[in-house]
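Hi everyone, thanks for making time this morning. I'd like to walk you through one model and how its pieces pack together.

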Amino acid sequence: MATDVISLIKEDHRDVESLFERLQKMPENRPALLAELAAKFIAHSEGEEDEVYPVLAKRRPEEKEEVHHGAEEHHEAEEMISRLLETAPESPEFDTLLHELIDAVTHHVEEEENDILPVLEKAVPFEERVQLGKAFSKRKAEVLAAPIKPRSRTKDELLHQARELGVEGASGMSKDELVAAVRRKKQEQG
Ligand SMILES: [Fe+2]
């Protein structure tokens, strides 16, 4: 039977969860596991943002906010991956950062599977979802063939996050100040 884009996305989610488990259990294999995670996470995210999210936003304009939020979370997770790539795998800091990444991605996967994918399933018929799956896989392959390049949040995304979190004076802040303020607010709010 043909595979639709929703199954492909969920399969990637399970794959990332298994990489997280191995990263925690096999510290000696962290360099290779982290490189694999970085490549796969970025390819999956770009595939979704380029091929899947726009279709959903077009069919269901009321989902635009949700779709922006999803992309914002991808970019934030990629910033964490960048920091991990620069951190010694055997250091305590690596463990802290890895935990932060696992928490953030677990939250994102839950939101995607509970809020985004069920809407996509209703909005797009199966045959079209199969075609969408092909486009998603093709885009992922292109990203996987290129050097690993984690992205970061745009200033607009940071401003949006800061406002959602209730950071005061956000509109006058620089990008670095926004990063710090969002981080502080998230820690405060647990
Ligand atoms: Fe995603």
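Let me begin with a term: the domain bounds I'll use come from an automatic or database domain assignment. On that basis the protein is divided into domain 1, residues 5-150, and domain 2, residues 153-190. Two notes on the source: this is a predicted model, where local features need pLDDT of at least 70, side-chain atom pairs count only at pLDDT 80 or more, and totals for chains, interfaces and linings use all residues. Residues are numbered from 1 along each chain as its sequence is written.

How far apart are the C-alpha centres of domain 1 and domain 2? They lie 22 Å apart. Across the boundary, 4 residues of domain 1 are in contact with 4 residues of domain 2, where contact means that the C-beta atoms, placed from the backbone, lie within 7 Å. The side of domain 1 that touches domain 2 has no nonpolar, 1 polar and 3 charged residues. For those classes, Ala, Val, Leu, Ile, Met, Phe, Trp, Tyr, Cys and Pro count as nonpolar, Asp, Glu, Lys and Arg as charged, and the others, Gly among them, as polar.

Now the record. UniProt, in an unreviewed entry, lists residues 5-120 as "domain: Hemerythrin-like"; its positions are in the numbering used here, feature names are shortened, and annotations may be inferred rather than shown by experiment. In the model, residues 5-120 are 88% helix and 0% strand, with the end C-alpha atoms 10 Å apart. Helices (H or I, at least four residues) and strands (E, at least two) are DSSP runs, numbered from the N terminus.

On to the packing. The axes of helix 1 (residues 5-25) and helix 2 come within 10 Å and cross at roughly 155°. Axes here are lines fitted to C-alpha atoms, for helices over the stretch in contact, and angles run from 0 to 180 degrees between N-to-C directions. Helix 1 and helix 2 are therefore roughly antiparallel; under 35 degrees counts as roughly parallel, over 145 as roughly antiparallel, 65 to 115 as roughly perpendicular and the rest as oblique. Their crossing is left-handed, meaning that the near helix is turned anticlockwise from the far one by less than a right angle, while clockwise is right-handed. This contact has 10 nonpolar, 1 polar and 7 charged residues.

Helix 2 (residues 30-59) also packs on helix 5 (residues 126-145), at about 140° with axes 8 Å apart. That pair is therefore oblique, and the crossing is right-handed. Among the residues that meet are Ala39, Ile42 and Val55 in helix 2, and Leu132, Phe136 and Val143 in helix 5. By class, 10 are nonpolar, 2 polar and 5 charged.

Finally, the C-terminal part. The unreviewed UniProt entry lists residues 156-190 as "domain: Rho termination factor-like N-terminal", and this span is 71% helix and 0% strand. The axes of helix 6 (residues 155-165) and helix 7 (residues 175-189) come within 9 Å and cross at roughly 35°, in a left-handed crossing. The contact includes Leu158 and Leu165 of helix 6 and Leu178 and Val182 of helix 7. It has 8 nonpolar, 1 polar and 4 charged residues. Thanks for listening!

Definitions and conventions
Contact = placed C-beta atoms within 7 Å.
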